[in-house]
Amino acid sequence: MRCIVTGSNGLVGARLARLLSARGHEVLGLSRGPRRVEGAFAYRPCELTDGTAVLGAVREFRPELVFNPAAATDVDGCERDRAMAWAVNVEAVAHLGRGCAEVGAHLVHVSTDYVFDGEAGPYAEDALPNPRGAYATSKWLGERAAQFWVPGATVARTAVVYGWPAAGRPNFGSWLLSSLSAGKTVQLFEDQWVSPSLADSVAEMLAELGERRLGGVFHAAGAEVVDRLTFGRALCERFGFDPALVQGSRLQDAKLLSPRPRHSGLRVEKAAGLLSARPLGLGPSLERLYEAFHAS
Ligand SMILES: NC(=O)c1ccc[n+]([C@@H]2O[C@H](COP(=O)([O-])OP(=O)(O)OC[C@H]3O[C@@H](n4cnc5c(N)ncnc54)[C@H](OP(=O)(O)O)[C@@H]3O)[C@@H](O)[C@H]2O)c1
C-alpha cells in the first residue's frame with residue numbers, strides 16, 4: 001500500500017516508516033527540515049502546520065494509508081507556546097485529515113495517555129478524557145480533529161515511549177541507558193504510574209492497525225503499568241547496572257510547568273485481543289531493548 005508517515009525523523013515515526021517499507025509498502029516520510037533518519041523509504045520535508053504543503057504532498061503521493069505520529073511532544077514547551085501546540089497537535093491533524101478525506105485514505109492518528117487526568121488509571125479506551133495542560137488538551141482536540149475529517153479513523157494512544165537508538169531527541173529509555181551506562185545517578189518518580197511502551201512494539205501495533213484499517217480508539221502501549229522507579233530498577237537488573245544509581249523522587253514535589261497525570265497507564269486488552277502484534281510486557285520489552293543496545 002502507499003503510506004505516508006509523518007514525523008519520520010522522530011522516535012515512533014522513524015521506526016514505523018522503516019517497518020512499513022520492510023513489509024513491502026511504498027512509504028513517504030514527511031517531517032520537518034532535512035532527513036535525519038536512514039531507511040528504505042522516500043522522504044519529503046513538510047511543515048505540517050502549512051495546510052497547502054500538507055494537501056500538496058497528499059494529492060501528489062495519493063496514499064491509501066496515512067499515519068500521524070508527528071506532534072509537538074515537549075510537554076512544558078507546549079505550555080510555554082500554546083499557539084505552537086494548537087498549530088501542530090490540532091491544526092496539522094485537520095490538514096492531514098482533510099487530505100485523507102479527499103483521496104480516500106485511512107488515517108491512523110497517534111495520541112497519548114495524557115488525555116486522561118491521571119486520577120484513576122489505568123484507563124480503557126472508553127474512559128472519559130479529562131486533559132490537563134496545553135499538551136494534553138491539544139492532543140485530545142487532535143483526536144477529535146482526526147475523527148471529524150475521517151470518521152472511521154484509528155486513534156492509537158500510547159504512553160512513555162522508549163527505544164534504542166533514539167531518533168531525534170533522547171527518550172526516557174535512551175536517557176536512562178546513556179546515564180546508567182556512564183555510571184551516572186538518575187532520579188525517577190516513585191509516585192507516577194505509567195505504561196512504558198517499547199517504540200518498536202508501538203510501531204508494530206500501529207502498522208497492523210493501519211493495514212487492517214481497524215477504526216476507533218485503541219491503546220497501543222506496553223502491557224504493564226508500573227511506577228517509573230520500578231521501571232528503572234527492572235532496566236538495571238536486565239542490563240546489569242548498579243541498582244543504587246536509580247533513586248526515587250516524587251512527582252508531587254517536582255516543579256513542572258505543565259501538570260502530569262499521576263495514576264495513569266493504559267489498559268490494552270482491546271489491542272491484545274485483536275492484534276497479532278500484541279502489547280508487550282516489561283520483560284520481553286527490556287529483552288528487545290537489551291538486544292538493540294548491544295547491537296549498536
Ligand atoms: N514519546 C512519548 O513518550 C510519548 C508518550 C505518549 C504519546 N506519544 C505520542 O506518540 C507520538 C510520537 O511521539 P514521538 O516520541 O515519536 O515524538 P518525537 O520523537 O518528538 O517525534 C515527533 C516528530 O514530529 C516532527 N514534527 C513536529 N512538529 C512538526 C511540524 N510542525 N511539521 C513537521 N514535522 C513535525 C518532529 O520534528 P523535529 O524532530 O524537527 O522536532 C519529530 O520528528 C506523538 O503523537 C506523541 O504525542 C509519545
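Here is a quick tour of the cores, the ligand site and the cysteines in this structure, which is a predicted model.

Let's start inside the protein. The largest nonpolar core is made of 32 residues. Within this core, the residues with the most contacts are V5, L16, L20, V27, F67 and L206. Five elements each chip in at least two residues: the strands β1 (2-6), β4 (65-68) and β5 (106-112), plus the helices α1 (11-22) and α7 (199-211). Take L206 as an example: leaving aside residues up to four places away in sequence, L206 touches V12, L16, F67, V108, V110 and A156. Another core, of 25 residues, lies apart from the largest one, and its members include W164, F172, L177 and F239.

Now for the ligand. It has 27 residues around it, and R36, E47, T73, Y135 and K139 are the closest. Here are some of its polar contacts:

| Residue | Protein atom | Ligand atom | Distance |
|---|---|---|---|
| L11 | backbone N or O | oxygen | 3.0 Å |
| R36 | side-chain N or O | oxygen | 2.4 Å |
| L48 | backbone N or O | nitrogen | 3.0 Å |

On its own, the ligand would expose 900 Å², and the protein buries 87% of that.

Last, the cysteines. How many disulfides are there? The count is zero, taking a disulfide as two cysteine sulfur atoms within 2.5 Å. Why does C78 have no such bond? The closest cysteine sulfur belongs to C46 and sits 19 Å from the sulfur of C78, so the two are too far apart for a bond. C78 is buried, with a relative accessible area of 0%, and C236 is buried as well, at 1%.

Notes:
Residues numbered from 1 in each chain as written. Predicted model: local features only at pLDDT ≥ 70, side-chain atom pairs only at ≥ 80, totals over all residues. Heavy atoms only, no water. Core = buried A, V, L, I, M, F, W, Y, C linked by side-chain atoms within 4.5 Å. Buried < 20%, exposed > 50% of the residue type's maximum accessible area, 1.4 Å probe, protein only. Helix = DSSP H or I, 4+ residues; strand = E, 2+ residues; numbered from the N terminus. Contact = heavy atoms within 4.5 Å. Near = heavy atom within 4 Å. Polar contact = N/O pair within 3.5 Å; in protein donor to acceptor, adjacent residues only side chain to side chain. Areas by Shrake-Rupley, 256 points an atom, 1.4 Å probe, with all protein chains shown as cover.
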